[in-house]
Amino acid sequence: RFPAGQQAPAPGVYVTQVLLDGKWRPSVTGYGTRPTVDGGAPSCETFIPHYSGNLYGRHVRVRFHIKIAETQKFANFSQLAEAVQSWGAQALAYFGGK
């Protein structure tokens with residue numbers, strides 16, 4: 001859900017930052033119909049490299065920086081997971097590896 005007065009981004013994959021515990025962390029966010037999973041209604045999912053906690057049910061702030069990929073359908077979940085890891089590495093590099 002996007003805040004009132006804010007528009008959803010164009011479908012794709014973005015380098016983002018997530019505010020957790022008072023600290024902005026590098027992340028990567030996909031917005032779109034999740035064609036590899038179900039192709040349903042658009043959703044927004046964020047991957048935070050090197051984070052292992054559970055954020056389900058928590059409200060977090062996400063800042064979008066640059067688009068790095070288009071939405072695409074992968075042949076299987078292994079390919080999707082590899083892509084997410086690669087995008088996570090790009091997000092870390094974007095912020096100087098922090």
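Here is a walk through this structure, from its overall fold to the charged side chains that pair up in it. Keep in mind that the model is predicted.

Let's start with the fold. The chain has one helix and four strands. If you trace the sequence from its beginning, you meet these elements in the order β-β-β-β-α, with the helix coming after the strands.

Next, consider the overall dimensions. The C-alpha trace spans about 35 × 35 × 25 Å along its principal axes. Is that what a compact globule would give? A better guide here is the radius of gyration, so what value does the chain have, and what would a compact globule of 98 residues have? The chain has 13 Å, and a compact globule with 98 residues would have a radius of gyration near 13 Å, so the two agree.

Now look at how the chain meets itself and its surroundings. Among contacts with a separation of 6 or more, 57% are between residues 24 or more positions apart. Buried residues make up 28% of the 98 residues. The accessible surface comes to about 6,600 Å², and carbon and sulfur atoms account for 51% of that surface.

Charge is the next topic. The chain carries 10 positive and 5 negative charges, and the mean positions of these two groups lie 10 Å apart. Side chains of opposite charge can pair when their charged atoms come close. How many salt bridges does the structure hold? There are four.

One of them joins the side chains of D21 and R58, with 3.7 Å from N to O. This pair links distant parts of the chain, 37 residues apart: D21 sits in the loop between β1 (12-20) and β2 (23-32), while R58 sits in the loop between β3 (43-47) and β4 (61-69). Is D21 buried or exposed? Its relative accessibility is 63%, so D21 counts as exposed, the cut-off being over 50%. R58, with a relative accessible area of 41%, is partly exposed.

Another salt bridge brings together the side chains of E70 and K67, at 3.2 Å from N to O. E70 is exposed, with a relative accessible area of 52%, whereas K67 is partly exposed at 36%. Elsewhere, salt bridges that share partners join R34, D38 and E45 into one network. Within this network, the side chains of R34 and D38 meet at 3.2 Å, N to O, and R34 is partly exposed, with a relative accessible area of 27%.

Technical notes. Residues numbered from 1 in each chain as written. Predicted model: local features only at pLDDT ≥ 70, side-chain atom pairs only at ≥ 80, totals over all residues. Heavy atoms only, no water. Helix = DSSP H or I, 4+ residues; strand = E, 2+ residues; numbered from the N terminus. Rg over C-alpha atoms; globule rule 2.2 N^0.38 Å. Buried < 20%, exposed > 50% of the residue type's maximum accessible area, 1.4 Å probe, protein only. Contact = heavy atoms within 4.5 Å. Areas by Shrake-Rupley, 256 points an atom, 1.4 Å probe, with all protein chains shown as cover. Lys, Arg positive; Asp, Glu negative; His and termini not counted. Charge placed at Lys NZ, Arg CZ, Asp CG, Glu CD.
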